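Good morning, colleagues. I would like to take a few minutes to present the domain arrangement of this protein and the core that goes with it. Please have the structure open as I speak.

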Amino acid sequence: MSTLPSHHVPPWQWDVFCCVIDNFGDIGVCWRLASQLAAAGQRVRLWVDDASALAWMAPGGAAGVEVRSWGAFPAANEPPSDVLVEAFGCEIAPDFIAACEDRVSAGAKKPVWINLEYLSAESWVPRHHGLPSPVLHGPAAGWTKWFYYPGFGKDTGGLLRERGLMDRMQAFDRGAWRRQHGGDAPGQEPRWVSLFCYEPPALGDWLQQCASGATAPTCLLVTPGRAQRAVQVAMQEISNEIGLQRLSGMPEQLHILNMDARPQPAYDELLWACDLNFVRGEDSLVRALWAGQPLVWHIYPQDDGAHGPKLDAFLDWLQAPPSLRHFHRVWNGLAPGKLPVVDAALLQNWGTCVRAARERLLAQNDLLTQLLGFCASKR
Ligand SMILES: Cc1cn([C@H]2C[C@H](O)[C@@H](COP(=O)(O)OP(=O)(O)O[C@H]3O[C@@H](C)[C@H](O)[C@@H](O)[C@H]3O)O2)c(=O)[nH]c1=O
């Protein structure tokens, strides 16, 4: 697979299409891709049907990225598309394609058409990555779409990792961040845990474990929306049972802090600040891998059960120790029983595993570098 460094690629006009199905992963990944392309000198129009999450995820926008409403078109005096990115199975409106075809008939070069897929560590991904899909009908009949699969291994499309990420992380002052978030009260140093999840079946078990005194005290930083609601429900169920004390000072055995929605870079800082990160979906999983702290993934549950093998494939790639595998299976409701107690030794073990996986990833090209090379080879 050709992988040209980005400085060899001329500034193309990218049109990235994002349809928000639910949650924040679709727009989260598309925004990341768009802003990284722009930072690499590319011009990007991001066509999205619901841009509301960008208000907190990327309040300042990004130079070189124009957010446009789904269903509109570039004006005739605007540059034609050099690359079309259809993210996560959304379908570009036939009218938009017809407008592209008009520009091509008038002499513009045919755009490279990328079908950007969901992330998976499953073994079929390298076989499907980069395959062509001929367009049979509509205004662009005879054109080709290319499947682009992000992934963890060398023969996949890679993972988004912006330039300077590791330097930014190295310069991060974890102590200052914790002090800012109320972490300078006297008492035993708590373990800091971030929680971003759907409704994990074992959440109540986890909260009880934190409150039980079996481990160091826990400062649980809960992200807004589904995670906060799930914690509220679980706490309701168990608070009478164990007489949990919730004090405003730091720390009792379990101190729960509800966080506001943060811009993507500030969410990274939350991950860097914590000793354990619960993440979900797709994009936050990748960010937690870069953070290099112990992580637990709540995979997006699918009705047909496809998430089970997908989770196993990820744990295989991660070379997860048995305790981390077991924790994941119970957390995701894929195995019965209790969560293993996450003491300091276990955290250390999990952290070593995540950092080794990160090293393997850092030795590979990031998604943007690979995508630029891929598109260059198709133009
Ligand atoms: C909690 C938080 C998240 N974020 C960002 C990080 C990510 O870009 C985004 C969350 O996306 P994810 O981690 O992927 O989790 P998600 O559950 O929100 O999105 C999911 O949606 C489903 C429809 C998809 O099928 C899944 O694959 C997945 O993408 O929100 C912030 O910027 N600030 C925050 O405070």
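**Two domains and a shared core**

The centres of domain 1 and domain 2, taken over C-alpha atoms, are 32 Å apart. I should say at once that this is a predicted model. Domain 1 covers 6-158 together with 365-378, and domain 2 covers 165-362.

Let me turn to the contact between them. On the domain 1 side, 16 residues are in contact with 12 residues of domain 2. Which elements give two or more residues to that side of domain 1? They are α1, residues 25-39, and α2, residues 54-57. The largest share comes from α1, which supplies four residues. In terms of class, the side of domain 1 that touches domain 2 holds nine nonpolar, five polar and two charged residues.

I come now to the interior. The largest nonpolar core has 99 residues, and those touching the most other members are Val 16, Cys 18, Cys 30 and Ala 34. Here α1 again appears, giving the most to this core with eight residues. Where does the core lie with respect to the two domains? Both domain 1 and domain 2 give residues to it, so the core lies between them. As a general remark, nonpolar side chains in soluble globular proteins tend to be buried together.

To close, consider Val 16 in detail. Leaving aside residues up to four places away in sequence, Val 16 touches Cys 30, Leu 33, Ala 34, Val 44, Leu 46, Trp 47, Val 85 and Ala 87. Two of these partners, Cys 30 and Ala 34, were named a moment ago among the core residues that touch the most other members.

Conventions. Residues are numbered from 1 along each chain as its sequence is written. This is a predicted model: local features need pLDDT of at least 70, side-chain atom pairs count only at pLDDT 80 or more; totals for chains, interfaces and linings use all residues. Domain bounds come from an automatic or database domain assignment. Two residues are in contact if their C-beta atoms, placed from the backbone, lie within 7 Å. Ala, Val, Leu, Ile, Met, Phe, Trp, Tyr, Cys and Pro count as nonpolar, Asp, Glu, Lys and Arg as charged, and the others, Gly among them, as polar. A nonpolar core is a set of buried Ala, Val, Leu, Ile, Met, Phe, Trp, Tyr and Cys residues joined through C-beta atoms within 7 Å. A residue is buried if 20 or more other C-beta atoms lie within 10 Å of its own, exposed if 12 or fewer, and partly exposed in between; C-beta atoms are placed from the backbone.
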